[in-house]
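Grab a pencil and work through these exercises with the model open beside you. Each one sets a task and then walks through a solution.

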Amino acid sequence: MAASQTLQLSSLNNVEILPIQVIDIEENKIQEPAVDEFDYSERGQWLRAAVLGANDGLVSVASLMMGVASVKNDIKAVMVAGFAGLVAGACSMAIGEFVSVCTQRDVEISQMKREKRERSLESDENDEKLPNPGQAAVVSALAFAVGAVLPLLAAAFIKQPKVRMAAVFVVASVALVAFGVVGALLGGTPVVKSSARVLVGGWMAMGTTFGLTKLIGIDHGMQI
């Protein structure tokens with residue numbers, strides 16, 4: 001009898017251990033998906049304004065300077081055109097971004113009102129996620145100015161016209177690649193694809209501006 005009771009107790013112990021092991025495995029499975037998760041969409045607002053502003057400033061001013069340099073060798077004319085492009089572009093980017101984000105914010109607020117949320121806490125949390133027009137405008141303008149300063153600095157201390165244009169082109173190309181890499185790393189997108197897209201787009205803008213301005217200047221004998 002004692003032996004049979006011992007066997008029964010041991011079998012009961014074995015039965016009790018199995019559910020504990022299954023629970024541990026299930027808990028591990030539940031905890032695994034939480035590792036290395038990051039929502040890159042949270043960076044979307046300021047990243048979009050910064051990257052677009054820097055690219056636009058760099059490409060716009062570099063293209064403008066190369067276009068003017070194609071018909072005029074005077075460094076003063078090139079620098080004045082570049083500076084005017086910096087100021088006008090920064091103001092335009094700030095105003096455009098402010099209006100765009102304000103419109104987006106109004107649409108999201110209207111959508112929130114239509115949904116008629118029951119809890120005030122939920123509406124407060126959603127208010128914190130709404131886009132900030134002022135922040136987007138400032139970031140966009142500053143980023144445009146930073147990008148636009150680079151070709152101006154590249155051309156400021158070079159007297160020879162051809163060398164000056166080459167320096168602007170090289171600096172602009174390197175900066176475009178850098179902006180593409182930074183944007184890809186911050187946004188979690190492929191680095192090569194992003195940087196190549198930005199670089200090719202910048203080359204197309206600079207080449208088109210230079211070529212058309214040169215063509216019009218030669219045909220009409222323009223003197224700046």
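**Exercise 1. Take stock of the whole chain.**

Task: Work out what share of the 224 residues is buried, and which elements the chain has.

Solution:
- Start with burial: 29% of the 224 residues in the chain are buried, where buried means under 20% relative accessible area, exposed over 50%, and partly exposed in between (1.4 Å probe, protein chains only).
- Before going on, note that this is a predicted model, in which local features need pLDDT of at least 70 and side-chain atom pairs count only at pLDDT 80 or more, while totals for chains, interfaces and linings use all residues. Residues are numbered from 1 along each chain as its sequence is written, and side-chain values use heavy atoms, with hydrogens and water left out.
- Next, the elements: there are seven helices and zero strands, where helices (H or I, at least four residues) and strands (E, at least two) are DSSP runs numbered from the N terminus. The order from the N terminus is α-α-α-α-α-α-α.
- Now the surface: the accessible area is about 14,600 Å², with 65% of it from carbon and sulfur atoms. Areas come from the Shrake-Rupley method with a 1.4 Å probe, and for residues only the protein chains shown count as cover.
- Last, the contacts (heavy atoms within 4.5 Å): of those with a separation of 6 or more, 76% join residues 24 or more positions apart.

**Exercise 2. Set the annotation against the model.**

Task: Find which residues the UniProt annotation "transmembrane region" covers, then look at the model over two of these spans.

Solution:
- The unreviewed UniProt entry gives residues 46–65, 77–95, 136–158, 165–186 and 198–218. Its positions follow the numbering used here, feature names are shortened, and annotations may be inferred rather than shown by experiment.
- Take residues 77–95: this stretch is 100% helix and 0% strand, with its end C-alpha atoms 27 Å apart.
- Then residues 136–158: here the figures are 91% helix and 0% strand, and the end C-alpha atoms are 35 Å apart.

**Exercise 3. Check the helix spans and ends.**

Task: Compare the expected and modelled spans of helix 3, helix 5 and helix 6.

Solution:
- The rule first: expected span is 1.5 Å times one less than the number of residues.
- Helix 3 (residues 75–115) has 41 residues, so it should span 60 Å, and its end C-alpha atoms agree at 59 Å apart. Asp74 caps its N-terminal end, with a side-chain oxygen 3.2 Å from the backbone nitrogen of Lys76.
- Helix 5 (residues 133–156) has 24 residues, so 34 Å is expected; the end C-alpha atoms are 35 Å apart, which agrees. The N-terminal cap is Asn132, whose side-chain oxygen lies 3.1 Å from the backbone nitrogen of Gly134.
- Helix 6 (residues 161–187) has 27 residues, so look for 39 Å; the end C-alpha atoms come out 38 Å apart, in agreement. Just after helix 6, Gly188 takes a positive phi of about 70 degrees.

**Exercise 4. Follow helix 2 to its partners.**

Task: For Ser63 and Asn55, say whether each is buried or exposed, and what each touches beyond four places in sequence.

Solution:
- Ser63 is in helix 2 (residues 44–69) and counts as buried because its relative accessibility is 5%. Its contacts are Ala205, Met206 and Thr209.
- Asn55 is also in helix 2 and is buried at 12%. Asn55 touches Leu176, Phe179 and Val198.
- Two of those partners turn up again in helix 6, whose buried residues include Leu176 and Phe179.

**Exercise 5. Place Thr213.**

Task: Which residues does Thr213 touch, leaving out those up to four places away in sequence?

Solution:
- Thr213 sits in helix 7 (residues 191–220) and is partly exposed, at 27% relative accessible area.
- It touches Gly67, Ser70 and Val71.
- The C-alpha atoms of Thr213 and Val68 are 7.4 Å apart, though 145 residues separate the two along the chain.
- Within its own neighbourhood in sequence, a polar atom of the Thr213 side chain lies 2.7 Å from the backbone oxygen of Thr209.

**Exercise 6. Look for disulfides.**

Task: How many disulfides does the structure hold?

Solution:
- The count is zero, taking a disulfide as a pair of cysteine sulfur atoms within 2.5 Å.
- As for exposure, Cys91 is partly exposed at 45%, and Cys102 is partly exposed at 23%.

Conventions:
A polar contact is a pair of N or O atoms within 3.5 Å; within protein, one must be able to donate a hydrogen and the other to accept it, and residues adjacent in sequence count only if both atoms are side-chain atoms.
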